[in-house]
Each structure stands twice: as structure tokens, then as C-alpha cells.
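Here is a friendly walk through a protein–DNA model, written for someone who works at the bench. Please have a look at the sequence and the structure before reading on.

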There are 2 protein chains.
Amino acid sequence: MSTPSENSSAALLKLENQLCFPLYAVSRMLTKAYQPYLQALDLTYPQYLVFLLLWEHDELTVKELGEKLLLDSGTLTPLLKRMEQKQWLSRRRDPRDERSVLIALLPAGQALREAACHIPEQLLGHMGMSQDEFEQLRSQLNTLLTKLA
Amino acid sequence: MSTPSENSSAALLKLENQLCFPLYAVSRMLTKAYQPYLQALDLTYPQYLVFLLLWEHDELTVKELGEKLLLDSGTLTPLLKRMEQKQWLSRRRDPRDERSVLIALLPAGQALREAACHIPEQLLGHMGMSQDEFEQLRSQLNTLLTKLA
DNA sequence: CAATGTTTGATTGTGTACAATTAAATTTCT
DNA sequence: AGAAATTTAATTGTACACAATCAAACATTG
């Protein structure tokens, strides 16, 4: 597959030899694969990720959400406001430190958990991977993430 | 690492057990890693991907670009118009089929190739991966892409 | 305690992404 | 040829993403 000449700058510049493109494309296509399941719950994919954290932690600051999701306030603030409008969560300043905003689950957000809890299993089907392949890929991506983050 | 209980719906719903999140995060962080190199050329990451194809093919329709990048016209049309304004490429209807728009490199776009040709090698440094790891990850992602696309 | 510096969100502006709709051109079918 | 179906871009509207800037609250230090 890789002849000596394929390490030249010219070959490295071809789309098909990039690692970045399949990452970018798979990420978008996987988001699309979630879409039918999430749309049924009126959720977007980044909102689903916020819920994954809130279902685990119940209350987090915007900063903590940002650190865990690697998203900044320019993304999170409007996204969380939309989720607040749907009565899924509450936003209030931390009385002990007015700079922080505490995000907490409301009953409607808590209830969504039951409706969403089978989404991961359903997505596994779309990917058609063995448990081993899944784990290996996840581990490689997490390693790469720590190098890039 | 994975106890029997970790295959429950509850465990599958944790952010840390997802494959989708590291994919999403690595994709965004990798785009960020390109940023300093691309910004020096006044390019965005998706625009860079368009160039990778045009440097190979010289002239493509919007449809062909969309098929190769898995992007639709709602994304490509405004993106290509911005690139046209910078005189990097031309947009014209195909005389033989007026429904198609031909995208062709202009000299300024052709010239950018020399300025960009060492970007892939520089990015490899940021990822700190061996050739083998790189190839293995790329191959797994491409397999997954064909399943999702 | 007052001045300085830091932390934390919010805001603004630009650029993707993508679903859904529209419109024009072409192809197909009778 | 003419109607119907298909193909291809463009448009519209919503929702991220993120750099850059701002503003308020807190912490630190002399």
C-alpha cells in the first residue's frame, strides 16, 4: 500500500492519506447516526453530551462542563439557555462565588434519562464493531485526545 | 477495566464509556491543532480540505466535492463563495449541464499549495504517533466511515 | 483596605453544518 | 414533442464552534 514515494510531501497532501479527514468525517457521520434517536427526544448531539454528564453528576458549573466536554462558554452559554427554556435544567449563580453558574437537572431533564438509556446500545448496532474493536479504537482516540488537548 | 456490571445501560450512558465523545473531541482538537498553520495562510480547516482535493484534481463540480467530503451544498456553497472572493478558485456553470457548477483552481489557489505542502508533516509531530499507529487508526476510521456513510 | 491581577461567564462576529425547501435544467417516458 | 420525474445548486433557518473582547466578582498583595 505505501511505496517509498508515498511519503513525499505530495503524497502526504492527498486527502486519502490524511488522518484528519476520516476523523472529521466519522465524527459528523456518527452525529448523524444519533440524529433519529435524539430527534425523537428533541435533543441535539451536544445537548445529549451535556445530559450524559448531568445524569451522572446532577449539578455542575459551566466551567466544569466546559472542561469535561472541551467546549468554551461561547458554545455552552447559548446551548444551556436553550436547554433551560425547555425546562430540562436550571441556571443559577453560585451564592458562594457569584462568578460561577450552577447547572442542575430539573425533573423533565431527569426523566429524559429513561427515554435515552438505550441509545448507546442502538448505536453500537450501526457501527457493527466487536467489543474488542470498540475498546481498541476508544483507547487510541483517548490517547490521541490527551496529546492534543 | 470492564466489570460485568459495566455493560448495563447505566454504565453505557456514562460519557467516559462513549466512543462518540472522543471522536467528536479529537476531531475538534485536531482542527485546532491545524489552526496556527492554516491561519497563516488565511484558511479554515474545511477550506483546506477543499484545497487538498483541488490540488489533486484541478477542476471538480460542487457535487463531486460534496461526495468526496460528505458535505452538502448548504455548507459548500457559502464556503466556496468565500474562497472565490479571495480569488483562490472560480465558480462557473458547466456549459454542457447548466445544473452543475464547476470549481477550478485559480493561480492564487495553485500557489497556496507550496505554502501548505509541509503542513501534514508538521501535524504528525503534534500527534506523536508511530507510522504503524497512524496507519492502523486511519484504517479503522475508514472502515467505520464506510459503515456510517 | 485599596490597587492589581485573576477567574468566570457572557457577548459579538465569523464560519461551518445540516435539514428542508425552492428553482432551474436535464432526462425519461409516452 | 410535451408532461413527469430526476438531478443539481441555492436558499433559509437553526444550532453549534470558537476567537476575541468585555464585565463582574473574587483573590492577592503591599
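How far from a phosphate oxygen of DNA strand D does a polar side-chain atom of B:Lys81 lie? The distance is 2.8 Å, and more about that strand follows below.

## About the model

This is a predicted model, in which local features need pLDDT of at least 70, side-chain atom pairs count only at pLDDT 80 or more, and totals for chains, interfaces and linings use all residues. Residues are numbered from 1 along each chain as its sequence is written, chains are lettered from A and ligands numbered from 1 in the order in which they are written, and side-chain values use heavy atoms, with hydrogens and water left out.

## DNA strand D

There are 28 residues around DNA strand D, and A:Thr44, B:Tyr24, B:Ser73, B:Lys81 and B:Arg91 come nearest; a residue is near a strand if one of its heavy atoms lies within 4 Å of it. Sugar and phosphate make up 81% of the atoms of DNA strand D that come within 4 Å of the protein. By class, the surface near this strand has seven nonpolar, nine polar and 12 charged residues. Here Ala, Val, Leu, Ile, Met, Phe, Trp, Tyr, Cys and Pro count as nonpolar, Asp, Glu, Lys and Arg as charged, and the others, Gly among them, as polar.

Let us turn to polar contacts, meaning pairs of N or O atoms within 3.5 Å; within protein, one must be able to donate a hydrogen and the other to accept it, and residues adjacent in sequence count only if both atoms are side-chain atoms. Besides B:Lys81, B:Arg91 has a polar side-chain atom 2.8 Å from a phosphate oxygen of DNA strand D. From chain A, an N or O atom in the side chain of A:Arg82 is 2.9 Å from a phosphate oxygen of that strand. Two or more residues each are given to this surface by helix 3 (45–57), helix 5 and strand 3 of chain A, and by helix 2 (20–39), helix 4, helix 5, strand 2 and strand 3 of chain B. Helices (H or I, at least four residues) and strands (E, at least two) are DSSP runs, numbered from the N terminus.

## DNA strand C

Now for the other strand. Of the 28 residues around DNA strand C, those that come nearest are A:Tyr24, A:Thr77, A:Arg91, B:Thr44 and B:Gln47. Among the atoms of DNA strand C within 4 Å of the protein, 80% belong to sugar or phosphate, and the rest belong to bases. The surface near DNA strand C has seven nonpolar, nine polar and 12 charged residues.

A:Tyr24 places a polar side-chain atom 2.3 Å from a phosphate oxygen of DNA strand C, and B:Gln47 places one 2.7 Å from a phosphate oxygen of the strand. For A:Arg99, an N or O atom in the side chain is 3.4 Å from a base oxygen of DNA strand C.

## Helix 5 of chain B

Helix 5 of chain B has 13 residues and reaches 18 Å from its first C-alpha to its last, close to the 18 Å expected at 1.5 Å a residue; the expected span is 1.5 Å times one less than the number of residues. Its residues B:Leu76, B:Leu79, B:Leu80 and B:Met83 are buried. They lie on the same side of the helix because they cover an arc of only 100 degrees around its axis, the arc being that of the directions from the helix axis to the C-beta atoms. On the other side, B:Gly74 and B:Gln85 are exposed. Buried means under 20% relative accessible area, exposed over 50%, and partly exposed in between (1.4 Å probe, protein chains only).

The buried residues of this helix pack against helix 3, helix 4 (62–69), strand 2 (89–94) and strand 3 of chain B. At the N-terminal end, B:Asp72 acts as a cap, with a side-chain oxygen 3.1 Å from the backbone nitrogen of B:Gly74. After the helix comes B:Gln87, whose phi is positive, near 65 degrees.

## A buried arginine

A:Arg138 sits in helix 8 (residues 131–148) of chain A and is buried, with a relative accessible area of 8%. Its side chain reaches the backbone oxygen of B:Glu16 at 2.8 Å. Leaving aside neighbours within four places in sequence, A:Arg138 is in contact (heavy atoms within 4.5 Å) with B:Glu16, B:Asn17, B:Gln18, B:Leu19 and B:Pro22.
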